[in-house]
Amino acid sequence: MSAEAPAVPPAKAGGTPAGASPSRGAPARGDDPRRRAARRRRLVAAAFLLPALLLLGALVAYPILFSVGRSLFDASGTRFVGADNYVEMFRDPTTLKAVRNTAIWVVVAPALLTGLGLILAVLTEKVRWATAFKLLMFMPMAISFLAAGIIFRITYEQDPDRGVLNAVAVGVHDVFADRPAYPGARGREDAGETPLARGQDGSYGTAADLTPGRTVSLGVVGVPPKEVPSGAEPATAPEGSSGAGDGALAGTVYLDFTPGGGGEPGRIDSGERGLPGMTVQAVRDGRTVGEATTAADGSFRITGLDGGSYALRLPASNFAEPYGGISWLGPALVTPAIIGAYLWIWTGFSMVLIGAGLAAMPRDVLEAARMDGANEWQIFRRITVPLLAPVLTVVFVTLVINVMKVFDLVYIIAPGPVLQDANVLAMQMWLVSFGGGNDQGLGSAIGVLLLLLVVPAMVFNIRRFRRSSR
């Protein structure tokens, strides 16, 4: 009787006999090598990101949360006041002026910078030395805002001997207008046969009792010797009367000052010099009827006068202060002046970014437009600008974010008396918190307002970057 073969249990799904255990060498599901590699990559990425996340939390997230919380307390930080700081912020006229100036910055500066960058980027493509020009325009970005503020503070100086812009303005003005002969001088009012009296308009005149044929000596003081023209000759006493029939009034205008002391006030002494270029007018019944200009020795002669009594007048234009240029840092122009300094720094930035977008444009589109007969202006307006619209938008929004935070240029360039006229939100936040206000509750509220104004632009820029990367 033959032995029967042992019964073999049926195989399970997957080919493993029933009752048999899995092979020891096969990995468990949770120990898949691919899963272990993915988990290891995530751990490595987290390890690299952790320092950045800690810094981001310490330098960005924590200050934001602290500022929001601090804005709900009073100046001392001990009493909860809720939204009172925000209400006070919009009641304060200084803060409202800062908001207005910030709005001017946001509207003007990014638009001008984007336009200038676009124009310069297009023009530099037409020149051989484009790289050198871009480097020159980008160099101000290497200068700190503090140094740039000092440079432009000097550039905008009111004194033409220090401020470059006013030196140019005065030079151009003096080409088309006469300079005052002797600024700051005044007539001798207390001595001589013909003392001078000051008029309400700043002029100096004699009594109205001079008749044609008379000669007079008109003394002037207040002229520093170094400001007397080099061509001035020694003053000479006017000649005697030439008779009423001559129809003329003559005399000498001189500096009534004797070098080394001595001399008699109101009389021409030895060593005293005439004042050339002085305007002398003959006045009758309040009207100017004759005029003359003094010679090198200060002598003058007004002819063609009828009989009667006249007064001689030295017009105020002889003594007016010279043109001092434009008050760039005055209340009216301080904000545009600071924006001008900002343009000088950031124009190179916008030009380089727009130039990069311009270099990536398809040239066949431009060539096709030229072959179709389009001129350069039509190509620029209908092809270049639309194709550069994404780049222009990114540049504009980036500059909007930047100008909302401008602080150091305003602080350095604006003089103390007009600082409030140039105030912006970032400056107001510092002034309220640390610059004398010592109210960090209100300052934190202004900081939160500034953050709320910046966040939409930042979100827009981030979304724009994501769309462009796709």
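## Serine 71

Is serine 71 buried or exposed? In this predicted model, serine 71 is buried, because its relative accessible area is 0% and the cut-off for buried is under 20%. You'll find serine 71 in the loop that runs between α1 and α2, the latter covering residues 84–91.

Who keeps serine 71 company? Setting aside neighbours within four places in sequence, serine 71 is in contact with Gly82, Asn85 and Tyr86, and also with Gly441, Ser444, Ala445 and Val448. For a sense of scale, take aspartate 190, which sits 119 residues from serine 71 along the chain: the C-alpha atoms of the two are separated by 68 Å.

## The chain as a whole

Zooming out, the protein chain has 13 helices and 9 strands. Its radius of gyration is 41 Å, whereas the globule rule gives 23 Å for 470 residues, so the chain is more spread out than a compact globule. Along the principal axes, the C-alpha atoms fill a box of roughly 180 × 75 × 40 Å.

Buried residues account for 37% of the 470 residues in the protein chain. As for contacts, take those between residues at least 6 apart in sequence: 69% of them join residues at least 24 apart.

## The largest pocket

The largest pocket offers about 500 Å³ of space. It is lined by 22 residues, and the ones closest to its centre are Pro63, Ser67, Met429, Gly447 and Val448. Val448 turns up again here, as it is also one of the contacts of serine 71.

Which elements give two or more residues to this lining? They are α1 (33–70), α12 (425–433) and α13 (440–469). Helix α13 provides the largest share, with 9 residues. Sorted by class, the pocket lining comes out as 15 nonpolar, 6 polar and 1 charged residues.

## A four-stranded sheet

Now for one of the sheets. Four strands form an open sheet in the order β1-β4-β5-β8, and the pairing is mixed. Strands β1 and β8 (299–302) are the edges, each pairing on one side only.

Walk across it from the β1 side. Strand β1 (residues 186–187) runs antiparallel to β4, and 2 bridges join them; arginine 186 stands opposite valine 221 of β4. Next, β4 pairs with β5 (residues 249–255) in the parallel sense, over 6 bridges. One residue to look for there is valine 216, whose bridge partner in β5 is glycine 251. Glycine 251 also stands opposite phenylalanine 300 in β8, and β5 and β8 pair in the antiparallel sense over 4 bridges. Strand β4 (residues 215–221) is mostly covered, with 5 of its 7 residues buried.

## The cavity

How many cavities of 30 Å³ or more does the structure hold? There is 1, and the volume of the largest cavity is about 40 Å³. Its lining includes Ser217, Leu218 and Gly219, which fall within the 215–221 range of β4. The other lining residues are Arg188, Ala191, Gly192, Thr194, Pro195, Leu196 and Gly266.

By class, this lining has 4 nonpolar, 5 polar and 1 charged residues.

Terms used: Residues numbered from 1 in each chain as written. Predicted model: local features only at pLDDT ≥ 70, side-chain atom pairs only at ≥ 80, totals over all residues. Heavy atoms only, no water. 1 Å grid on protein atoms, 1.4 Å probe; cavity = no way out; pocket = protein on both sides within 12 Å on 5 of 7 lines; lining within 4 Å. Points joined across faces, edges and corners; volume = space filled by probe spheres on them. Nonpolar A, V, L, I, M, F, W, Y, C, P; charged D, E, K, R; others polar. Buried < 20%, exposed > 50% of the residue type's maximum accessible area, 1.4 Å probe, protein only. Pairing = 2+ DSSP bridges. Rg over C-alpha atoms; globule rule 2.2 N^0.38 Å. Contact = heavy atoms within 4.5 Å.
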